[in-house]
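Visitor: I am new to this structure and would like a close look at one part of it. Could you pick a place to start and walk me outward from there?

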Amino acid sequence: MPAVLGLNFHHDTAATLVVDGRVYAAEEERWSGVKHNHPTRKGTLTAPTRALQWCLEAADIKPEDVDAVWAASMRPNPAAGWWLAEEREELAALLPTPLGEHLRLLSHHTAHVLSGYLLSGHEHAAGLVIDAGGSSLGSDFGPGRERITGYDLWPDRIDRLHQGMPAVVPGPVGPRRVHSSLGHFYRNLARRVIPPGDEPEGSMMALAAFGDPQRYGTHIRELVRLGDEGEVRIDHPWGSAGSSTPLLLDGRAWTADNVAEQPEHKRADLAAAVQEVFAESVVHIARHLQRLTRASALVFSGGCALNSHLNGQLAADSGFDTLFVAPAPHDAGTAVGAALYGWHYQLGQERLQVPTDAAWGPDPGALPTTTVPTGYHPLPHLGPGLAPTVATLLAEHRIVGWVQGQLEFGPRALGHRSILAHPGRAATRDRLNAIKKRAAYRPFAPAVLAEHATEWFMSAGDPFMNRVATVRRCRADRVAGVTHHDGTARVQSVAADHQGLRDLLEQFHDLTGLPLLLNTSFNRKGTPILRTAEQAVAAAVELRLDALAVGDTLLLADHVPDPRAASLHTR
């Protein structure tokens with residue numbers, strides 16, 4: 001029974017264990033309560049201690065039973081060779097002795113791309129990874145870090161054939177290296193668009209739908225130059241981590257400090273211009289990879305692959321027949337890619353089946369039976385009656401916390417730790433944004449029965465909620481709660497074997513004629529998706545949800561009539 005462990009020690013700390021072809025994976029933030037599990041200071045390494053412990057316990061194995069341990073390197077030293085041994089030693093010291101002795105490192109971007117490719121089912125694929133920065137490039141490519149990396153991927157080999165490189169340009173005190181990180185570019189501009197308190201990248205992507213990209217498009221395009229062979233050059237300092245330089249627009253200096261002073265309509269226009277230039281740049285690189293590899297499929301990963309609007313455009317315009325976005329394209333996903341690398345390329349095991357869900361984490365446990373929160377009463381042991389009961393509540397436009405089965409891995413709630421609602425009313429979206437303390441312009445995603453997806457959207461969506469699709473205009477008024485201002489939605493397609501949402505969606509479809517629900521993550525503002533039943537109860541009370549379903553028990557708010565007494569004919 002082969003066992004391979006993959007780890008990420010940096011932000012989004014995570015552990016993944018593959019045992020006998022089964023995946024166990026969890027992010028440390030679900031125990032720490034700190035979103036992205038950021039270290040206390042930049043550069044600090046953190047072991048995913050509790051996530052790792054859970055993986056071993058869930059698989060019922062001991063550390064000495066693990067055959068291989070892999071982690072993504074992130075040390076940015078410009079030299080070649082020696083730092084890998086130093087980093088490996090530093091990371092190994094954070095692990096129990098048997099695991100530390102097995103630890104080996106692979107590049108950050110390779111771990112990213114394999115977290116998608118080895119789950120994609122494609123024999124041959126081009127791979128693209130774009131993020132703020134990854135491993136040191138070392139002497140093979142010169143000083144610098146991975147920023148944009150392209151691959152030619154096969155079951156028996158991994159060929160790196162495109163590498164974004166820093167440019168050397170004259171500086172006031174001599175030549176300097178200018179980074180061309182699209183991840184930093186997007187984040188830096190987002191900090192000039194989104195006031196503090198909201199996650200800048202995701203919020204800017206949402207706000208872009210309300211803006212005119214032409215207003216500032218010419219200015220933003222002057223910062224990014226697209227060249228031959230997929231080259232992308234970003235003017236300094238916009239492609240680096242520095243975010244203090246003012247951006248001069250309309251005779252005003254835009255900075256992260258004065259962002260709240262800029263009118264929202266102008267911030268939306270800037271967001272639209274940045275989103276458009278960013279997407280054009282990624283499509284430019286992808287088309288180059290298609291010419292190099294002649295592959296029909298593109299696998300996309302890295303932090304920039306969280307941009308669902310980009311992914312929708314990439315699927316349409318990149319020249320590939322198929323786009324597969326890694327289930328967890330952020331840094332936690334490197335733990336998945338590292339484990340799969342050891343499983344397939346080192347131990348020679350068959351690739352895993354293509355997943356339709358990422359429920360790889362712990363069960364929530366049972367609802368506490370000794371205390372019931374004030375304002376709620378339990379409906380216990382509903383068994384098969386849970387789904388029709390909750391479907392009735394949702395048909396009545398109630399908002400329900402939904403905690404079922406194993407925890408999702410990754411940044412999206414996929415129907416295991418979700419807040420669910422009827423998708424038909426824009427007022428529901430507004431209520432949920434108020435409940436979750438989000439900006440009013442932020443949209444919510446639909447989860448749709450996979451076989452009905454193209455009846456409602458112009459493409460089939462994604463099982464991991466990683467890309468947008470255009471809502472069919474003839475249907476948009478019926479799903480106003482999940483239709484964004486630009487007529488798109490980030491669609492999660494729910495397959496027949498989905499253990500979290502499938503039955504409920506079918507029951508809701510029978511009641512309402514709608515094969516979809518509004519699905520958003522079950523968490524408080526600024527905190528990770530919750531893990532346990534106890535956390536769910538506390539959050540449901542704080543967020544004032546109408547009901548909470550955990551296992552086959554329903555906690556119902558006292559002001560809500562018992563749905564079992566309601567008519568079943570609510571179509």
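Guide: Happily! Let us begin with P237, which sits in the loop between β12 (232-234) and β13. Please keep in mind that this is a predicted model. What joins H236 and P237? The link is a cis peptide bond, with omega at about 5°.

Follow the chain out of that loop and you come to strand β13, which covers residues 247-249 and includes L247. Is L247 buried or exposed? With a relative accessible area of 2%, L247 counts as buried, because the cut-off for that word is under 20%. Setting aside its neighbours within four places in sequence, L247 touches L189, R192, H219, L223, W238, R252, A253, W254 and L270. For a sense of distance, try S318: L247 and S318 are 71 residues apart in sequence, and their C-alpha atoms lie 30 Å apart in space.

Two of the contacts of L247, A253 and W254, bring us to the next stop. Strand β14 spans 252-254, and the loop between β14 and α10 holds N258. N258 is buried too, with a relative accessible area of 15%. A polar atom of the N258 side chain lies 2.9 Å from the backbone nitrogen of T255.

Next comes α10, covering 264-293, and after this helix a loop leads to β15 (297-301); R294 is found in that loop. R294 has a positive phi of about 55°, although this residue is not a glycine. R294 is exposed, since its relative accessible area is 62% and the word applies over 50%.

The strand after that loop, β15, takes us into a sheet. How many strands form this open sheet, and in what order? There are 5, arranged as β8-β7-β6-β15-β16, with mixed pairing. The edges are taken by β8 (157-163) and β16 (322-325); each has a single partner strand, so one side of each is left without a neighbour in the sheet. On average, neighbouring strands here are turned by 25° against each other, direction ignored. Within the sheet, β6 (residues 125-130) pairs with β15 in the parallel sense over 4 bridges. To find this pairing on screen, look for L128, which stands opposite F300 in β15.

Let us now move along the chain to K437, in the loop between α14 (426-435) and β20 (445-449). K437 is another residue other than glycine with a positive phi, in this case near 60°. K437 is exposed, with a relative accessible area of 57%.

The strand that follows this loop, β20, is joined to β24 by 4 bridges, and the two run antiparallel. In that pairing A447 stands opposite L517 in β24. Strand β19 (residues 417-421) is also joined to β24 by 4 bridges, again antiparallel, and here S418 stands opposite S521.

How many residues of β24 are buried? In this strand, residues 516-521, the count is 6 of 6. Both faces are covered: one side carries L516, L518 and T520, the other L517, N519 and S521, and all of these are buried. That gives you a route to retrace, from the cis bond at P237 to the covered strand β24.

Key:
Residues numbered from 1 in each chain as written. Predicted model: local features only at pLDDT ≥ 70, side-chain atom pairs only at ≥ 80, totals over all residues. Heavy atoms only, no water. Buried < 20%, exposed > 50% of the residue type's maximum accessible area, 1.4 Å probe, protein only. Contact = heavy atoms within 4.5 Å. Pairing = 2+ DSSP bridges. Axes fitted to C-alpha atoms, helices over the stretch in contact; angles between N-to-C directions. Polar contact = N/O pair within 3.5 Å; in protein donor to acceptor, adjacent residues only side chain to side chain.
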